[in-house]
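Let's take a walk through a protein model together. Keep the structure open beside you as you read.

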Amino acid sequence: MSEVLLLLVGLFLPLFPLSMVFNEVFQRIRVASLRVVLLLIWPQIGVVIAHTAGVEIPSWLIFWALATAALYGFRALALREVGLWTSFIATSAWTILWLTVDSRADLAQLAVYALALSAPLALLALLSGELEKRFGAAYTGLYGGLALSLPRLSGVLVVVILAIVATPLFPGFVVMMAAIIESSSQSFIAAVTVAMIWLLWSWAGARLLQGIIVGPAQEEATADISVNSTWVYAAVLILLVVSGIYSIGSL
């Protein structure tokens, strides 16, 4: 793979400091639906370019990718703004795809891996927009107790975070297991690093939910998401679970 192609893939499967481009673009987009499109398309471009190049990824680049994933996973622990948290976790997740990209990989499988990591993040972008509509901003700690005041939104938010942090049964779990299996054949340190990054995501997700869901209910009443919207989110999440269970057989 030429240096130019490496840089191009590093832009769409974000490697630090190229990762700053995606995060800047994401933050400048304020419309939730456009953020969804960006989250779904951005890594797919990187996957297509990497697969088309048709050569092995150098081992040093794998460790660069893992360092980037660890950096953004760790930084997500301290974030309070849901949109920024989304983009940082997306950056951390997409760099894991470097461990699954090589000349022997199937392009369709790689595209599914990228979608598995991006789809829950797209749902979170929509939920972040719902929070901004109701409170003017989507921050942890700014308001709490949504489990009591907005039970439907809170319930969907909890399950979406579980999907993002690659909880078993969701397709992200399959991607992370595939990354660990692939990296273990190259380096024990790389496999352990992937597992530690996975733990960082879970920790960051728990902190995010703690700042929004837990606590006394808000005194100022605001409308919950509609029942129809709840069913739509539920249908997408059920589809993710079904696809995750189906994909476990490919490990």
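Our starting point is phenylalanine 188, which lies in helix 10; helices here are DSSP runs of H or I with at least four residues, numbered from the N terminus. Before going on, note that this is a predicted model, in which local features need pLDDT of at least 70, side-chain atom pairs count only at pLDDT 80 or more, and totals for chains, interfaces and linings use all residues. Residues are numbered from 1 along each chain as its sequence is written, and side-chain values use heavy atoms, leaving out hydrogens and water.

Is phenylalanine 188 buried or exposed? It is exposed, because its relative accessible area is 66% and exposed means over 50%, with a 1.4 Å probe and protein chains only. Phe188 joins Phe63, Ile189, Val192, Met196 and Leu199 in a nonpolar surface patch of about 640 Å². Helix 10 (residues 188-212) gives the most to this patch, with 5 residues. Such a patch joins nonpolar side chains (Val, Leu, Ile, Met, Phe, Trp, Tyr) within 5 Å, from residues with over 30% relative accessible area and no salt bridge, that is, no Lys or Arg side-chain nitrogen within 4 Å of an Asp or Glu carboxyl oxygen. The areas come from the Shrake-Rupley method with a 1.4 Å probe.

Now turn to threonine 86, in helix 5 (residues 82-96). Threonine 86 counts as buried because its relative accessibility is 0%, and buried means under 20%. A polar atom of its side chain lies 2.8 Å from the backbone oxygen of valine 82.

Finally, find proline 43 in helix 3 (residues 32-53). Proline 43 also has 0% relative accessibility, so it counts as buried.

Terms used
Helix = DSSP H or I, 4+ residues; strand = E, 2+ residues; numbered from the N terminus. Polar contact = N/O pair within 3.5 Å; in protein donor to acceptor, adjacent residues only side chain to side chain. Patch = residues over 30% accessible without salt bridge, like charges linked within 9 Å, V, L, I, M, F, W, Y side chains within 5 Å.
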